[in-house]
Amino acid sequence: MNSLTVVFNALPAILAGSFVTIGNVTASLAMGLVLGVPLAVGQVYGGPWLRRLVALYVWFFRGVPILVLLFLCYGLFISLGLPADPFLICCLVLGCTSTAYQSQIFRGAIESLPQGQLKAARALGMNDFTGIRCIVLPQALRLSIPGWANEFSILLKDSAICYVLGTQDIMARTSFVAARTHEHLALYAAAGLIYFVLTLVVLKLLRRLEDNVHVPGYSTGMGMEGMGAG
């Protein structure tokens, strides 16, 4: 069978897996955003013990390979007698990993702001929580968009490894068809093209968001060390 014919026939099934991939990445990014911001605030403004705890969390999830974390989490669910749903486990592992990286993106953005802004908020009668929420975070989140876009592209590529747990994502469906047809090169090339298109589309959307929320006078060209990019 011709390689192009195999790819054409398999394309609907592989594209259906893109919804699983997008759902996985979206849930992981959302988890990283919701948890990463408080961790970043704690690491910048918290006490010594809180900073150490956040640093330990970041060190662990940035230091252990995602494949190992997937198997650890899967084994933990089995040991505790919990339903070991592959999609849920992948979202949880990627979400925890993304939380570690996003916390450093937001931390770098917060630390790039002028230090006197929080003091000015206190002088206006705001408490620290209100000053951080109303003054510091809106600016920091704007500055974080380039690093957040980078985190998306990394997370999308990392999600490809989730097929080892049996999630019906792009890679799992491609691997299944390749094993039956032996057209590995053409099928994996098609899968790579799908990942590339997804990355390109989302990055363009985030670039447009960055342009829309950009405030003249604030630079988003933060260094990668401060952003904690993965």
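## A tour of an all-helix model

Start by selecting R52 and W49: the charged end of R52 sits over the W49 ring, 5.3 Å from the ring's centre. Keep in mind as you click around that this is a predicted model.

**Zoom out**

Now show the whole chain as a cartoon and colour by secondary structure. You should find 10 helices and 0 strands, so to speak one α after another from the N terminus on: α-α-α-α-α-α-α-α-α-α. The C-alpha trace spans about 75 × 45 × 25 Å along its principal axes. Switch on a surface if you like: the accessible area comes to about 12,400 Å², and 69% of that belongs to carbon and sulfur atoms. Of the 230 residues, 41% count as buried. If you draw a contact map, take the contacts with a separation of 6 or more; residues 24 or more positions apart account for 79% of them.

**Select 18-206**

Next, select residues 18-206. An unreviewed UniProt entry annotates this span as "domain: ABC transmembrane type-1". The span is 84% helix and 0% strand, and its end C-alpha atoms lie 19 Å apart.

For another distance, pick L15 and Q115. They are 100 residues apart along the chain, and their C-alpha atoms are separated by 48 Å. L15 is found in helix 1 and counts as partly exposed, with 37% relative accessibility.

**Into the core**

Which residues have the most contacts inside the largest nonpolar core? Select L70, V93, I170 and L187: those are the ones, in a core of 36 residues. To see where the core comes from, colour helix 1 (3-45), helix 2 (48-63), helix 3 (66-79), helix 4 (86-112), helix 7 (145-158), helix 8 (170-181) and helix 9 (184-213); each of them supplies at least two residues. There is also a second, separate core of 15 residues, with V37, I105, L113 and L137 among them.

Go back to L70 and show what surrounds it. Setting aside neighbours within four places in sequence, L70 is in contact with I89, C90, V93, I161, C162, V164 and L165.

**A buried serine**

Move on to S98, in helix 4. Is S98 buried or exposed? Its relative accessibility is 0%, so S98 counts as buried. Show the residues around S98: leaving out neighbours within four places in sequence, its contacts are S28, L29, G32, E151 and L155.

**The ring cluster**

Last stop: select Y57, F60 and F61, which ring pairs link into a cluster. The structure holds 2 aromatic pairs. In one of them, the ring centres of Y57 and F61 are 4.7 Å apart with the planes at 45°, so this pair is tilted. Y57 and F61 both lie in helix 2, 4 residues apart, which is about one turn of the helix. The pair of F60 and F61 is edge-to-face, with 5.0 Å centre to centre and 90° between the planes.

Colour these three by accessibility before you leave. F61 is at 15% relative accessibility and therefore counts as buried, under the 20% cut-off. Y57, at 22%, counts as partly exposed, and so does F60, at 34%.

Notes:
Residues are numbered from 1 along each chain as its sequence is written. This is a predicted model: local features need pLDDT of at least 70, side-chain atom pairs count only at pLDDT 80 or more; totals for chains, interfaces and linings use all residues. Side-chain values use heavy atoms; hydrogens and water are left out. UniProt positions are given in the numbering used here, feature names are shortened, and annotations may be inferred rather than shown by experiment. A nonpolar core is a set of buried Ala, Val, Leu, Ile, Met, Phe, Trp, Tyr and Cys residues joined through side-chain atoms within 4.5 Å. Buried means under 20% relative accessible area, exposed over 50%, partly exposed in between (1.4 Å probe, protein chains only). Contact means heavy atoms within 4.5 Å. Rings of Phe, Tyr and Trp (its six-membered ring) pair if their centres lie within 6.5 Å; planes under 30 degrees apart count as stacked, over 60 as edge-to-face and the rest as tilted. A charge sits over a ring if NZ of Lys or CZ of Arg is within 6 Å of the ring centre and within 35 degrees of the ring normal. Accessible areas come from the Shrake-Rupley method with a 1.4 Å probe; for residues, only the protein chains shown count as cover.
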